[in-house]
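Welcome, and please have your viewer open beside this page. We will go from stop to stop, with something to select at each one.

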Amino acid sequence: MGNRYIKINENDNVAITVNAISAGTMIMEGIVANQDIPQGHKIALYPIPEGGAIVRYGVTLGYAKQPIEKGDWINEHMLELPIPPSLDEMKFGTNLVTDLPEPPARTFMGYPNPDGGYGGTRNILGIVTTVQCVTGVLNNAVKRIKKELLPKYPNVDDVVAINHAYGCGVAINAPEAVIPIRMLQNMVKHPNFGGETMIISLGCEKLTLEMLLDEEYNIQENVVTFQNEMGHVAIMEAIMNMAENKLKKLNKRVRVELPLSQLCIGLQCGGSDAFSGVTANPSAGYAADMLVNAGATVMFSEVTEVRDGVHIIAERCVNEEVGKKLADEMKWYDQYLNNGQVDRSANPTPGNKEGGLSNIVEKAMGSIAKSGASPIVEVLSPGERPTKKGMIFAATPASDFVCGSCQLSSGMTLQVFMTGRGTPYGLEAAPVIKVCSRDDMINMWQDLIDVNAGPIATGEATIQEIGTLLFNEIIDVASGRKHTFAEQYEIYNDFTLFNPAPIT
Ligand code: CA
């Protein structure tokens with residue numbers, strides 16, 4: 001078996017263990033473990049005095065609370081969190097990499113869209129709701145549509161209801177209400193929904209049809225309003241009739257060869273461990289750089305997980321305008337957390353820590369690796385649509401469901417999801433490819449994880465090799481030649497709006 005430890009940067013004074021090791025094990029010349037050390041956890045390569053920096057990725061993760069001996073296990077209780085990087089002194093555009101890896105393909109088989117936007121990766125009847133009040137009835141209608149109508153229209157993949165808890169009982173004019181409203185407005189136009197608009201409304205809610213829809217789409221053919229119908233049977237019939245009309249049109253969609261400039265994918269991670277930042281995330285970054293080289297749009301997100309490495313992201317912003325928006329999104333989020341009387345240290349989960357991630361700095365450095373090296377051409381507020389192609393920072397919470405839903409609203413048609421600890425996560429409106437960070441994970445979950453980046457940890461594969469494999473997987477799934485495990489088992493998390501505004 002190859003490596004016993006992984007040291008990333010020559011300036012690091014710690015390494016992580018590839019497997020669990022017992023006290024007395026020599027991991028390299030002159031370094032013997034003083035205690036039993038769990039898999040993926042840090043071992044000190046040098047003595048570190050009290051207050052001394054603990055360095056991984058060439059970055060200070062924190063400061064030692066007490067003296068650390070060479071060979072000691074360093075866990076999350078031993079570090080003091082450093083002050084986050086200042087948002088007012090960042091340098092923009094000083095690290096613009098143009099030498100990106102050559103992609104093995106420049107096209108995919110997708111569904112072209114009438115508005116000339118991104119191509120679809122799936123052909124779905126999307127039904128957007130204005131308010132939670134309609135959900136119970138709509139869910140029953142969707143069951144009937146799938147059973148009675150969908151089999152007649154074999155070119156349509158699925159019927160998806162965009163249910164949510166917004167729409168009424170909310171401060172609809174609050175400044176931050178723009179986020180949930182924008183997310184729903186943009187979901188109506190999702191590329192996988194093929195330009196067919198179908199809206200279910202109650203009638204008296206605060207989120208009106210005028211707020212949700214552009215004027216030309218706010219017509220009888222596109223909207224069922226419960227309070228205009230004579231009871232349950234009539235409501236059901238109205239939904240079934242509209243669904244059949246939409247399915248007839250969607251059934252005519254066919255896949256054609258599209259340039260990758262019409263593909264918009266999203267990246268995120270969840271249940272990360274210490275391997276995420278050295279195997280799965282850098283592989284995703286390599287695949288992302290190839291996609292960007294081919295003209296695609298790639299979004300990465302999760303504000304609290306880039307906050308501690310934001311200066312590195314700033315250097316990759318193509319100009320000051322993009323950099324300023326990056327700083328503004330970070331400031332907004334700092335304030336948002338502050339209002340809730342928490343800070344970024346609220347991010348790592350117990351599972352992250354068990355997986356060897358001591359704090360948010362370490363998690364952030366691993367998280368950023370998924371964005372590759374491409375220049376960052378645009379920064380989006382939560383749920384905004386991109387106006388540029390290339391690598392984009394789409395500001396969202398790190399919460400898997402909220403990040404996934406925000407990226408969907410931004411037009412993402414396929415998500416690549418990196419995990420170390422494992423999650424069955426999936427989205428209904430777009431396929432999710434799950435990539436794991438270590439061999440033990442795929443051995444446990446062979447029928448849930450789509451791609452294994454673990455061989456990078458043991459030295460049996462390179463980032464370039466797994467990255468290329470992942471690129472090909474993305475093209476295959478986007479083209480409908482392959483379905484992810486989450487799709488095969490229909491494992492779908494809820495569409496989860498980000499609503500930072502008050503509920504009344
Ligand atoms: Ca996440």
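What follows is a short walk through a predicted model, from its domains down to single residues.

**Stop 1: the domains**

Start by colouring three ranges. Residues 5-80 make up domain 1, residues 110-250 domain 2, and residues 266-488 domain 3. Now turn to the first two of these colours: how far apart are the C-alpha centres of domain 1 and domain 2? The distance between these centres is 53 Å.

**Stop 2: two helices that cross**

Next, select residues 280-293, which form helix H5, and residues 463-478, which form helix H12. Their axes are 8 Å apart and the helices pack at an angle of about 60°. H5 and H12 are therefore described as oblique to each other. If you rotate the view, you can follow the crossing of H5 over H12, which is right-handed.

Show the side chains where the two meet. On the H5 side, the contact is made by Pro 282, Ser 283, Ala 284, Tyr 286, Ala 287, Met 290 and Leu 291. H12 contributes Ile 463, Gln 464, Ile 466, Gly 467, Leu 470, Phe 471 and Ile 474. Colour them by class and you will find 11 nonpolar residues, three polar ones and no charged ones in the contact of H5 with H12.

**Stop 3: a covered helix**

Now select residues 360-368, helix H9. How many of the residues of H9 are buried? The count is nine of nine, and the buried residues include Glu 362 and Lys 363 as well as Ile 360, Val 361 and Met 365. To see what they pack against, add strand S6 (53-56), strand S7 (59-64) and strand S16 (264-269) to the view. H5, from the previous stop, also packs against the buried residues of H9, as do H6 and helix H8 (350-354).

**Stop 4: a buried strand residue**

Pick Thr 297, which sits in strand S17. Thr 297 has 27 other C-beta atoms within 10 Å, so this residue is buried. Leaving out residues up to four places away in sequence, Thr 297 touches Cys 264, Pro 386, Lys 389, Gly 390 and Ile 392. For a sense of scale, draw a distance from Thr 297 to Ala 53: they are 244 residues apart along the chain, and their C-alpha atoms are separated by 38 Å.

**Stop 5: two residues with positive phi**

Most residues other than glycine have a negative phi. Select Glu 302, where phi is positive, near 70°. Glu 302 belongs to the loop between strand S17 (297-300) and helix H6 (310-315). Is Glu 302 buried or exposed? Glu 302 counts as buried because 28 C-beta neighbours lie inside 10 Å.

Then jump to Glu 490, in the segment after helix H13 (485-488). Phi of Glu 490 is also positive, near 55°. With 9 other C-beta atoms within 10 Å, Glu 490 is exposed.

**Stop 6: a buried loop residue**

Finish at Ile 449, in the loop between helix H11 (439-444) and strand S22 (451-452). Ile 449 has 25 C-beta neighbours inside 10 Å, so it counts as buried. Which residues is Ile 449 in contact with, leaving aside its neighbours within four places in sequence? Select Lys 434, Cys 436, Met 441 and Ile 442 to see them. As a last distance, try Ile 449 to His 77: the pair is 372 residues apart in sequence and 31 Å apart in space, C-alpha to C-alpha.

Notes
Residues are numbered from 1 along each chain as its sequence is written. This is a predicted model: local features need pLDDT of at least 70, side-chain atom pairs count only at pLDDT 80 or more; totals for chains, interfaces and linings use all residues. Domain bounds come from an automatic or database domain assignment. Axes are lines fitted to C-alpha atoms, for helices over the stretch in contact, and angles run from 0 to 180 degrees between N-to-C directions. Helices (H or I, at least four residues) and strands (E, at least two) are DSSP runs, numbered from the N terminus. Angles under 35 degrees count as roughly parallel, over 145 as roughly antiparallel, 65 to 115 as roughly perpendicular and the rest as oblique. A crossing is left-handed if the near helix is turned anticlockwise from the far one by less than a right angle, and right-handed if clockwise. Two residues are in contact if their C-beta atoms, placed from the backbone, lie within 7 Å. Ala, Val, Leu, Ile, Met, Phe, Trp, Tyr, Cys and Pro count as nonpolar, Asp, Glu, Lys and Arg as charged, and the others, Gly among them, as polar. A residue is buried if 20 or more other C-beta atoms lie within 10 Å of its own, exposed if 12 or fewer, and partly exposed in between; C-beta atoms are placed from the backbone.
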